[in-house]
Amino acid sequence: MPALLRNCLVALFFAAACLPMSAHAKPWETLNAQQKEALAPLSGTWSSLSEQQQTNFLAYAQRYPKLNAQQQQRLHSRLEAWSKLTPEQRKRAREKYKAYKKLPAEKREAVKKMVREREAASGVPATPPQ
Amino acid sequence: MNIKLSNKEIGNLLNTAARQLDRSTLNELHTARQQALQNQRVASPVWVSQNGLLHGQLQLSTRALNWIIVGVVASLLVINLTYWEHTYERDHSDIDIAILTDDLPVDAFVD
């Protein structure tokens, strides 16, 4: 029996070692200046985000300096809405985006035109002007 | 005749009766009692600490032990799947940035 107990303890230790290393939630104040600038639209809701979401957004912040001014502006304007989507919605959005990127150029243009017409009809442009 | 006796009175009567038994009967009774106590100790699942280590007597069949091992392995699989799901979700920053900075608004890709 001690052998079984030992095996069980080894298995449990292995299970614990396999647990994902959870990034501890970081208070907004502990972010550096670059991270704060990149994630500024989330400053008010940062503490309510899950640890996983915070980790994801910190990965975005790392890429933020490499984006051009227009991309940075778009990221800022869309970040909050993106953070409020469910993981399933984000997964579906990624799938749709991949499918969109595989379309031929003329079809992509047709989709863009359709979206812009829809925005114009609703009167609220969702895309910042280029 | 219906006489009501207290526990103490019953105990006294049993002790008096026991003193009247011959030595060999008393020895047999003593041996039987010790055996019964020994069996009870073996059958009880107990865990005791000896020299700082856990030693135990747990009555489990081989089948039960196999189920325990299967349970531990299944738990490991679930933990690993959860881990990889988290990793999978984490590794999407490339495409997420692309969506968030594309010409099209995010709404175009959200159901």
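These are my notebook entries on a few things I looked up in this predicted model.

**Entry 1: chain A overall.** I began with the secondary structure of chain A and found 6 helices and 0 strands. Reading from the N terminus, I noted the order of elements as α-α-α-α-α-α. Next I checked burial: of the 130 residues in chain A, 14% are buried. I also looked at contacts in chain A with a separation of 6 or more, and 60% of them come from residues 24 or more positions apart.

**Entry 2: where two chains' helices pack.** I then turned to helix 5 of chain A, residues 87-102, and helix 4 of chain B, residues 93-100. How far apart are their axes, and at what angle do the helices pack? I found the axes 10 Å apart and the angle about 75°. Angles of 65 to 115 degrees count as roughly perpendicular, so helix 5 of chain A is roughly perpendicular to helix 4 of chain B.

I wanted to know which residues make this contact. From helix 5 of chain A they are A:Ala93, A:Arg94 and A:Tyr97, and from helix 4 of chain B they are B:Ile95, B:Ala98 and B:Ile99. Sorting the residues of this contact by type, I got 5 nonpolar, no polar and 1 charged.

**Entry 3: an annotated stretch of chain B.** Last, I looked up the UniProt record, an unreviewed entry, which annotates residues 64-84 of chain B as "transmembrane region". What does the model show over residues 64-84 of chain B, helix or strand? The chain there is 100% helix and 0% strand. I noted that the end C-alpha atoms of this stretch are 30 Å apart.

Definitions and conventions:
Residues numbered from 1 in each chain as written. Chains lettered and ligands numbered in written order. Predicted model: local features only at pLDDT ≥ 70, side-chain atom pairs only at ≥ 80, totals over all residues. Axes fitted to C-alpha atoms, helices over the stretch in contact; angles between N-to-C directions. Helix = DSSP H or I, 4+ residues; strand = E, 2+ residues; numbered from the N terminus. Parallel < 35°, antiparallel > 145°, perpendicular 65-115°, else oblique. Contact = placed C-beta atoms within 7 Å. Nonpolar A, V, L, I, M, F, W, Y, C, P; charged D, E, K, R; others polar. UniProt positions renumbered as here; feature names shortened; annotations may be inferred. Buried ≥ 20, exposed ≤ 12 C-beta atoms within 10 Å, placed from the backbone.
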